[in-house]
Amino acid sequence: MRFGTLLPPAIVVALAWVLGTAAFTFAADQTQLIGSTPKPNPAAAQAPELTVPSVTGQAFVFAKGMLEDSGFAWRVVGSVHGYSGNQVMAQSPAAGTRVVDTGAPTIVLNLVRGKYAENGVPEDTPSYTGTAIKLAGVTEPAAPKVKPVAKKTPVAKKPAAKKPAAKKAAKKPAPAKKKPAKKPATKPTKAPAQRPPAFTPARAPKEPLDEIPLTERADKLAAWIDSHPRKTNKNVQRWLYQHSWIVTGAEFGWWHGDQALVKLIAVDEQVQQVWGIGHRSEKVARAALAKVRRQER
């Protein structure tokens, strides 16, 4: 006897419906698992960031240790090399800047002679390879797309009809030209041979006379910002480097540091209008100006 004859017709229909529904649900689940792809996690794709430590004013032997411990490399530029007893005059990027961890971001250091003799071998770069600086939140502008120029087929030109030669008129003698009076040569303004400091803090290095004065540096920075209106990683680094130099030199009591800080504040306001950044740097410059004016009294 068949199985269907032993059960009532209603039970057979119910069992068939349950088995059909289960098979359909299983097939739908398998299709969803095969066709689904995991969604990317934007937080996992974001590169880690580092904060640049403050090494300005530190002895070089301590500054390079601080940079190594924070995950950075360094590169010494300028006429003063990386001897242990020399002192960090400026750094780029400035302290507190957020950068992308590219491996070992390289901080550019400018040193001045310290009070100790330069013995041994200078260490202008570390033993490991540094990587490029990439500021967090600053994107490089995309390169413009160059459209291919269609080549033009040359068109044969018809020979021009010859015109009858005109009779040459007799030339009148040209009047004698007067020689312009020579202007007196203007000599470029030079910085004074001696730059007396406004004050002399303890352990402050002397102003290097082979560098331009702080006031002239601020003027050049303002002119450079005018000619570079685009906020790029390279431009921001250069502005921060010059900013750090002027602030640190003024706090060391170097010649006309207060005047340089006034000009630097105007540059920071200009940067805020052009690039949309610079509020923190302006506060640093204003605090340095107040400090310098207190010590000048």
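**Close-up 1. Polar contacts of the Arg-195 side chain in the predicted model.** A polar atom of the Arg-195 side chain lies 2.8 Å from the backbone oxygen of Glu-211, and the side chain of Arg-195 also reaches the backbone oxygen of Leu-209, at 3.5 Å. Arg-195 belongs to the loop between β5 and α5 (214–227), and because its relative accessibility is 10%, against a cut-off of under 20% for burial, Arg-195 counts as buried. Leaving aside residues up to four places away in sequence, Arg-195 touches Glu-207, Pro-208, Leu-209, Glu-211, Ile-212, Pro-213 and Trp-255.

**Close-up 2. The buried and exposed faces of α4 (60–69).** Phe-60, Ala-63, Lys-64 and Leu-67 are the residues shown as buried in α4; they lie on the same side of the helix because they cover an arc of only 95 degrees around its axis. An α-helix has 3.6 residues a turn, so residues three or four places apart point the same way. The buried residues of α4 pack against three strands, namely β2 (73–77), β3 (87–92) and β5, whereas the face turned away from this buried side carries the exposed residues Phe-62 and Asp-69. Just after α4, Gly-71 takes a positive phi of about 90 degrees.

**Close-up 3. The largest pocket, with a volume of about 850 Å³.** Of the 33 residues that line this pocket, Ala-94, Ala-95, Arg-280, Ser-281 and Val-284 are the closest to its centre. Two elements, α6 (233–251) and α8 (279–296), each give two or more residues to the lining, and α6 gives the most, with eight residues. By residue class, the lining of the largest pocket divides into 15 nonpolar, 12 polar and six charged residues.

**Close-up 4. The second largest pocket, with a volume of about 610 Å³.** The lining of this pocket is made up of 29 residues, and those nearest its centre are Gly-85, Gln-87, Arg-113, Gly-114 and Lys-115. The elements that give two or more residues to the lining of the second largest pocket are α4 and β5 (106–112), with the largest share, three residues, coming from β5. The residues lining the second largest pocket comprise 12 that are nonpolar, 10 that are polar and seven that are charged. The helix of Close-up 2 thus reappears here, since α4 contributes to the lining of the second largest pocket and its buried residues pack against β5.

Note on methods
Residues are numbered from 1 along each chain as its sequence is written. This is a predicted model: local features need pLDDT of at least 70, side-chain atom pairs count only at pLDDT 80 or more; totals for chains, interfaces and linings use all residues. Side-chain values use heavy atoms; hydrogens and water are left out. On a 1 Å grid over the protein atoms alone, a cavity is a set of points where a 1.4 Å probe fits but cannot get out, and a pocket is an open set with protein on both sides within 12 Å along at least five of seven lines; lining residues have an atom within 4 Å of a point. Grid points are joined across faces, edges and corners, and a volume is the space filled by probe spheres set on the points. Helices (H or I, at least four residues) and strands (E, at least two) are DSSP runs, numbered from the N terminus. Ala, Val, Leu, Ile, Met, Phe, Trp, Tyr, Cys and Pro count as nonpolar, Asp, Glu, Lys and Arg as charged, and the others, Gly among them, as polar. Buried means under 20% relative accessible area, exposed over 50%, partly exposed in between (1.4 Å probe, protein chains only). The arc is that of the directions from the helix axis to the C-beta atoms. Contact means heavy atoms within 4.5 Å. A polar contact is a pair of N or O atoms within 3.5 Å; within protein, one must be able to donate a hydrogen and the other to accept it, and residues adjacent in sequence count only if both atoms are side-chain atoms.
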